[in-house]
Amino acid sequence: METQDAVVALEALAQESRLGIFRLLVEAGPDGLPAGRIAERMKLPGPTLSFHLAQLKHAGLTSRRREGTSLIYSAAFGAMNELVGFMTENCCGGDAAQCAPARKVSPSTRKRRAA
């Protein structure tokens with residue numbers, strides 16, 4: 001992944017609604033979700049959702065397909081993995097084996113750490 005591509009992807013994710021949408025699509029897996037379901041889950045009006053989905057698509061982080069009258073959005077897992085790879089490419093001085101996998105941290109732990 002080129003640096004400019006990483007910047008565009010990180011810019012797209014550096015917004016609360018877009019990050020939430022992307023995480024929702026990652027959770028949904030390769031089958032993705034219809035736009036209406038995303039709007040319901042994220043509590044976003046259609047035009048706002050469309051704007052955010054367009055930004056994620058422009059960054060290469062989502063794909064879209066039509067099924068009948070529905071637009072189905074999916075996370076672009078290849079692009080996500082490229083971005084993670086780009087971010088960790090030189091992890092631990094180039095010894096990736098030393099990089100422990102990220103672990104899920106509970107919100108209460110995050111709050112304690114921030115204090």
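The questions and answers below go through a predicted model of one protein chain, from its overall layout to single residues.

This is a predicted model, in which local features need pLDDT of at least 70 and side-chain atom pairs count only at pLDDT 80 or more, while totals for chains, interfaces and linings use all residues. Residues are numbered from 1 along each chain as its sequence is written, and side-chain values use heavy atoms, with hydrogens and water left out.

Q: In what order do the elements of the protein chain run from the N terminus on?
A: Helices (H or I, at least four residues) and strands (E, at least two) are DSSP runs, numbered from the N terminus. The protein chain has 6 helices and 3 strands. Read from the N terminus on, these elements run α-α-β-α-α-β-β-α-α.

Q: What is the order of the strands in the open sheet?
A: Two strands pair if DSSP finds at least two bridges between them. S1 is joined to S3 by 2 bridges, and the two run antiparallel, whereas S2 and S3 pair in the antiparallel sense over 6 bridges. Strand S1 (33-34) and strand S2 (62-67) are the edge strands, each pairing on one side only. The order of the open sheet is therefore given, with the pairing definition in mind, as S1-S3-S2.

Q: Which residue in S3 is the bridge partner of Ser63?
A: Several pairs can be followed across the sheet: Leu33 stands opposite Tyr73 in S3, and the partner of Arg65 in S3 is Ile72. For Ser63, the bridge partner in S3 is Ser74.

Q: Which residue in the turn of the hairpin has a positive phi?
A: The hairpin is formed by S2 and S3, with 2 residues between them. In its turn, a positive phi of about 65 degrees belongs to Gly68.

Q: Which residue has a positive phi although it is not a glycine?
A: Most residues other than glycine have a negative phi. The residue asked for lies in the loop between H3 and H4, and it is exposed (over 50% relative accessible area, with a 1.4 Å probe and protein chains only) because its value is 73%. Its phi is about 55 degrees, and the residue is Lys43.

Q: At roughly what angle do the axes of helix H2 and helix H4 cross?
A: Two packed helices are described by the angle between their axes and the distance between the axes. Axes here are lines fitted to C-alpha atoms, for helices over the stretch in contact, with angles from 0 to 180 degrees between N-to-C directions. H2 (residues 16-28) and H4 (residues 46-58) are roughly perpendicular to each other, because angles of 65 to 115 degrees count as such (under 35 is roughly parallel, over 145 roughly antiparallel, and the rest oblique). Their axes come within 10 Å and cross at roughly 70 degrees.

Q: Is His52 buried or exposed?
A: His52 has its place in helix H4. Contact means heavy atoms within 4.5 Å, and, leaving aside neighbours within four places in sequence, His52 is in contact with Gln15, Ser17, Arg18, Ile21 and Leu44. Because its relative accessibility is 7%, and under 20% is the cut-off, His52 counts as buried.

Q: How many residues does the largest nonpolar core have?
A: A nonpolar core is a set of buried Ala, Val, Leu, Ile, Met, Phe, Trp, Tyr and Cys residues joined through side-chain atoms within 4.5 Å. Those with the most contacts inside the largest core are Ile21, Leu25, Ile38, Leu49, Leu56 and Leu61. Helix H1 (3-13), H2, helix H3 (35-42), H4, strand S3 (70-75) and helix H5 (77-88) each supply at least two residues of this core. The number of residues in the largest nonpolar core is 22.

Q: What distance separates the C-alpha atoms of Phe86 and Met1?
A: Phe86 is found in helix H5, and at 25% relative accessibility it counts as partly exposed, the class from 20% to 50%. Leaving aside neighbours within four places in sequence, Phe86 is in contact with Met1, Glu2, Thr3 and Ala6. Phe86 and Met1 are 85 residues apart along the chain, and the distance between their C-alpha atoms is 6.3 Å.
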